[in-house]
Amino acid sequence: LTALNRLESKGLKVIVETDPSAVSRPEGQAMSLDMIGHDEPGILRHISQVLASSDISVYKLKTEVVSASMSAEQLFKVEADLWVPAEVVIDVLQERLEELLPNLMVEISLSH
């Protein structure tokens with residue numbers, strides 16, 4: 001927390017709060033999400049909206065833009081660790097992500 005407070009002198013203020021309503025984690029399972037496809041504006045916002053609408057928590061998120069191996073075109077890559085509530089149907093989640101972002105390949109798998 002001390003390191004975060006030092007960032008305030010550089011113009012970045014970070015506030016950390018505990019949510020009193022988050023007493024225990026809901027029934028569900030840990031999963032990983034991997035996506036890759038053409039880079040376009042707003043991709044992360046669209047992904048976040050789909051996940052949030054299903055009450056999915058993101059515990060780790062890594063994004064990067066990489067060059068495609070054959071064409072050198074820019075691809076957007078997402079790797080995320082999620083907590084998915086038990087009532088979420090994974091096939092439906094995958095379909096929603098694929099419909100929203102047809103240029104991305106989506107892979108959702110159980111984390112070990």
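**Exercise 1. Determine how many salt bridges this predicted model contains, and describe the exposure of the residues that form them.**

Solution. The search takes a salt bridge to be a side-chain nitrogen of Lys or Arg within 4 Å of a carboxyl oxygen of Asp or Glu, and by this rule the count comes to two. The model is predicted, so that local features need pLDDT of at least 70 and side-chain atom pairs count only at pLDDT 80 or more, whereas totals for chains, interfaces and linings use all residues. Residues are numbered from 1 along each chain as its sequence is written, and side-chain values use heavy atoms, with hydrogens and water left out.

In one pair, Lys62 is joined to Glu64, with 3.8 Å between the closest N and O atoms. In the other, Glu79 is joined to Lys77, with the closest N and O atoms 3.5 Å apart. For exposure, buried means under 20% relative accessible area, exposed over 50%, and partly exposed in between (1.4 Å probe, protein chains only). Lys62 is partly exposed at 39%, and Glu64 is partly exposed at 29%. Glu79, with 28%, is likewise partly exposed, as is Lys77 with 27%.

**Exercise 2. Set out the order of the secondary structure elements along the chain.**

Solution. Helices (H or I, at least four residues) and strands (E, at least two) are DSSP runs, numbered from the N terminus. The chain has three helices and four strands, and from the N terminus on they follow the order α-β-α-β-β-α-β. Contact means heavy atoms within 4.5 Å; among the contacts in the chain with a separation of 6 or more, 72% join residues 24 or more positions apart.

**Exercise 3. Find the buried residues of helix α2 and explain how they are arranged around its axis.**

Solution. Helix α2 spans residues 43-53, and its buried residues are Ile43, Ile47, Val50 and Leu51. They cover an arc of only 95° around the axis, and therefore lie on the same side of α2; the arc is that of the directions from the helix axis to the C-beta atoms. An α-helix has 3.6 residues a turn, so residues three or four places apart point the same way. After α2 comes Asp55, which has a positive phi, near 55°.

**Exercise 4. Identify the residues that touch the most other members of the largest nonpolar core, and the elements that contribute to this core.**

Solution. A nonpolar core is a set of buried Ala, Val, Leu, Ile, Met, Phe, Trp, Tyr and Cys residues joined through side-chain atoms within 4.5 Å. The largest one has 20 residues, of which Leu33, Met35, Ile47 and Leu97 touch the most other members. Two or more residues each come from β1, α2, β3 (74-85), α3 (90-100) and β4 (104-110), and β3 gives the largest share, namely five residues. Leaving aside neighbours within four places in sequence, the contacts of Met35 include Ile47, Phe76, Leu97 and Val106.

**Exercise 5. Compare the loop residues Glu27 and Ser54: is each buried or exposed, and which residues does each contact?**

Solution. Glu27 lies in the loop between α1 (2-6) and β1 (28-38), and at 67% relative accessibility Glu27 is exposed. Beyond its neighbours within four places in sequence, Glu27 is in contact with Trp83, Val84, Pro85 and Ala86; the C-alpha atoms of Glu27 and Ala86, 59 residues apart along the chain, are separated by 5.6 Å. Ser54, found in the loop between α2 and β2 (57-67), is buried with a relative accessible area of 15%. With the neighbours within four places again left aside, Ser54 is in contact with Pro85, Val88 and Arg96.
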